[in-house]
Amino acid sequence: MKEDDLFTENLGLHKDQLKETFFEHLEYTLVKDKKSVTTEDTYKALAMAVRDKLVHNYLRTKNEYEKKSAKKVYYLSMEFLVGRLLGNTLMNLFEYRKSSEILEELGYDLDMIRNLEPDMGLGNGGLGRLAACFLDSMATLQLPAFGYTIRYEHGIFKQKFVDGYQYEESDNWLEHGNPWEIKRPEFTYPIKFNGRLVKNKDENSKRKYDWVEADEVDAVACDILVPGYMNNTVNYLRLWKASSTEPFDFNFFNSGDYVKAVLQKNKAENISKVLYPNDNYKKGKILRLKQEYFLVSASLQDIIRQYKKDYGDMSRFDEKTAIQLNDTHPALAIPELMRILVDHEEIPWEKAWDITVKTFGYTNHTILPEALETWSLGLLQQILPRHMQIIYDINQEFLDKVSEKYPKSIDKLRSMSIISEGQVKNVRMSHLAIIGSHSVNGVAALHTEIVKNDIFKDFYEMMPERFNNKTNGVTPRRWIKEANLELFRLIASKIGYDYIKDLDQIKKIEEFIEDEEFINKWAQTKLKNKRKLKKYVLKKYDVELDENSLFDIQVKRVHEYKRQLMNALHIITLYNRIKASPEKDITPRTVIFSGKAAPGYYTAKLIIKLINSIADKVNNDPEVNDKLKVIYIENYSVSLAELIIPAADLSEQISTAGYEASGTGNMKFALNGALTIGTMDGANVEMADHIGKEHMFIFGLTDKEVRDMKSDYDPKEYYKNNKELKKALDMIREGYFNKDNKNLFEPIYNSLVKDGDNFMLLADYEDYVKTQDKVAEEFKNRKKWTKETIINSARMGFFSSDRTITEYAEDIWDVKPVEVPAD
C-alpha cells in the first residue's frame, strides 16, 4: 500500500451512499431532523449506517462459507472485552474520512462523537481482551470463526472511589440502547435447570435419560458483527440474553400480588444481568453456575442447528466443527454435548465421546491453584443432575484407563480424578476440560511448561500429544492504529502501511535508529500522548501532571500476585528519600495505576485504598509533589487503556515469577514505545527473547527460585535487614497514610511480614528498587531512552494475535481461510 489506508476509498461505500444511509437512520429510525438532532443521535445514526454495511458483508460472508462447506470455529468465552466499536469498525471498513466529512457538515467532530460510545460491558480483564483481539484476527485472516458469550445487561461493575475506597456501581452501558447489536429472536433456545432424571425406556440405549420437571429459561440471541481488516469478511459475536418462558402471571396480578406476577421474569433475567456475580455467597455461586451452563447450552444448541442445516446427521460434526473453550468457564460444554448426542441424537456413548473429544480444544489461563475452577458436587447435582451423571461416567471411564496405565497407583487416581476427595467433594473443571478435549494449550512458553511439568504433570505424562503452547498476542489494528494513530502514521512513513496486517514488518523501523529526524518525531509523538493523558487527569481529578516526568504505569486487574503492592512500597521509598534529602536531584516520576478489584476480594480492595491514601499524602506534600506524583485512574476499560498505554514511558509487569500465565498488557505497552520493568514471568520471558534482556529492566527471582525458596522462606529476615523496606512497612502498619484509622492497613503489613508473604514481595523488593534506580538514571538520557523504545517496538512482531490465531487454526482447529469476493 502506498498511502494511508485510513483515507483509501476502495473497500468502503461511496460517500453519497454512506451519507444517504446516515440521514435515513437519523430521520426514520431516530425520528430526528437537522434542527432536533443531538450529538448522541449523530453517533447512533452513524453507527447504524456503518452497521448496514456490515450486514451486507456478513450475508455475503455467510453464503461463501456455505458454498465452500467450510469448517467453522466457535470460541466460547465468559467475556469479550471489545471496548468501543465505532472507530475500529470505521478503520477496518475504510469509512473514517467519509464519516468525518459527513459529521463536519453537521458541525460535529468525529473524535468527539467516538467518545460518546460506552465501552460494551462484556468483559473485565485480560481473558476478555484476548478474546476480543482474537475476534479481530479471525476476521482479518478470513477464518470462519465466531464468538459466543452472554449479553450482560450491567457489565461487571462501574468502579468509583469514595474516600479512596473502591465502590461498585451498576454499569448501565445499555441505558441508551446499543446501535451495533442485531436482535435475533428466531434463535431462541430453552435452557433447563434443576428437575430430575428418568431412565429412558429405549432398550437399545442403556445410558439414555430424560431430564424432566426442570425449570426453564429462554436464551435469546443478539449479534455484534465483526469485520476483518482490508477484506470483505464479517463474522459475528453472538450474545445470549436470558428471558423468562413465563414473563407474566395474570393470576398473581389479578389477586393483587404484583411482585409475584413478575417474579419468574426477574429470576430468569438475573442470569444475564451481571458478569461474575460475587460468589462468596451461595446464591452468587448458584447464579454463576447457571450463567456458565446458560452460555454453553445456548451456544451448543445454536452450533448444532447450523451444522444440521448444512449436513443433516451428526456423523461429521467434529470434521466440520471446532469449539475452543477459553479457560474452564465453558467446560460444561463437554457434558452438555454428550447429553445432546446421547439423549437427543441417540448416538452410542463411545461414538459420542469420540466426537466430543475431537471437537473441543481447551485453553488454560491460570496456574494459581485457588483459581482453578471447582464446583461442589452437591450444587452440580442439584442444578444440573444429568450433567453430574455424565461427569461421573466420564470420570469412571477415564480412571479405568489410568488404572490400566498405572496399576495400583492410588495417588495417580486421586490426582487425576475429575472429582476431588475430601470432606466436601468438588468437580475439578480443569480436569474435565483436559479429559474432554483433544488439545490443551497454555498461553506463553513458561506458562505451558508449568502446565506440563507442575499443575497438570500427571495428565501430560499420560497424554503428552494433547499439550501445546500458543503464546498470546494483541491486534495491531486496535493497539497501534486506533489507540496511537500518530505513531501508526510515523512508522508507516518509513516502512509503508502493510505492517498493520503483517506485524513482522515492524522490525524494519530499527533501520532508522540513527535517523535524527525519526528519533525526534518518535519522542514528540510520545510527548503528545502524555499531554492527552495529562489533560484527562487534570479535568477529572484536578491533579496537574508533569509531562516531562517519567510516566511509570501499572494498569491491570488488582491481585496480590500482580504485586501492585510492591509498586506502592517503591513509591513510599521514593517519598522517604525525597523527604530526607529534598535538595537532591532526582528524576521526576509520575506513577499511574488503574484496575478493578473483584467485589469480594477484601485484600485487593484494601490495596487500592492504600495506594489512594499514598497518593493523597504525596500529591499534597509541597516538598515532594514537584518530583513525585501518584494517581489512580478509576474504572479501567479498553477506551481508557487506549488513552493510557500510548502515554507510558515505563510498563510495570512485576508479577511473582511463575504466577502470570501470559499477560497482554506487556505487549501493548512495548508496541507503543514503553520500556518494561518486569520479572521473568508469563510472556515477559518471550519478550526478553525477542527484544533482548539488555533492552528491558528485568529483576527478581525466577520461577524456579520462587519454588525452591517457598518451603523455608522467611519474610521477616528481609524486613529486618533492609532499612528502607522496614521503614516503608512500618509506616503502613503505624497508620502514617491514614491518621483517622491507624490500624486500617495493618492487615497488609501482617500479610507481608507475619503471614508468609505468599507472593514474595519482600524477597524481590531490593532488586526491584535497584532496578527502578537504574530506570531513573537511564531516563535522564532522553535520546538513548527513545532509541531503546524504538527497539522495543521494532521487535514486537511476534506478539501479534494474527500469529497466535494462525497457530490455533493450523495446529488445533484445522480450519482454512475462506476469501469473500468483492461485489
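Begin by selecting Asp767, on which a kink of about 25° in helix α32 is centred, the bend at a residue being the angle between axes fitted to the seven residues ending there and the seven starting there. The model is a predicted one, in which local features need pLDDT of at least 70 and side-chain atom pairs count only at pLDDT 80 or more, while totals for chains, interfaces and linings use all residues. Residues are numbered from 1 along each chain as its sequence is written, and side-chain values use heavy atoms, with hydrogens and water left out.

Widen the selection to residues 761-779, the 19 residues of α32, which reach 25 Å from the first C-alpha to the last, close to the 27 Å expected at 1.5 Å a residue; the expected span is 1.5 Å times one less than the number of residues. Helices (H or I, at least four residues) and strands (E, at least two) are DSSP runs, numbered from the N terminus. Among the buried residues of α32 are Leu761, Tyr765, Tyr768, Gln772 and Phe779, where buried means under 20% relative accessible area, exposed over 50% and partly exposed in between (1.4 Å probe, protein chains only).

Next, select Lys710, which is found in helix α28 (residues 703-710) and is partly exposed, with a relative accessible area of 33%. Leaving aside neighbours within four places in sequence, Lys710 is in contact (heavy atoms within 4.5 Å) with Tyr659, Asn758 and Met760. A distance label between the C-alpha atoms of Lys710 and Gly756 should read 9.4 Å, although these residues are 46 apart along the chain.

Move then to Leu643 in helix α25 (residues 638-644), a residue that counts as partly exposed at 22% relative accessibility. Leu643 touches Lys532, Leu533 and Tyr536, when residues up to four places away in sequence are not counted.

For the last stop, display the cavities, of which the structure holds six of 30 Å³ or more. On a 1 Å grid over the protein atoms alone, a cavity is a set of points where a 1.4 Å probe fits but cannot get out, and lining residues have an atom within 4 Å of a point; grid points are joined across faces, edges and corners, and a volume is the space filled by probe spheres set on the points. About 190 Å³ of space lies in the largest cavity. Of the 16 residues that line the largest cavity, select Leu85, Asn88, Ala132, Val226 and Arg478, the closest to its centre. The elements giving two or more residues to this lining are α3 (86-93), α6 (126-140) and β8 (215-227).

Terms used: On a 1 Å grid over the protein atoms alone, a cavity is a set of points where a 1.4 Å probe fits but cannot get out, and a pocket is an open set with protein on both sides within 12 Å along at least five of seven lines; lining residues have an atom within 4 Å of a point.
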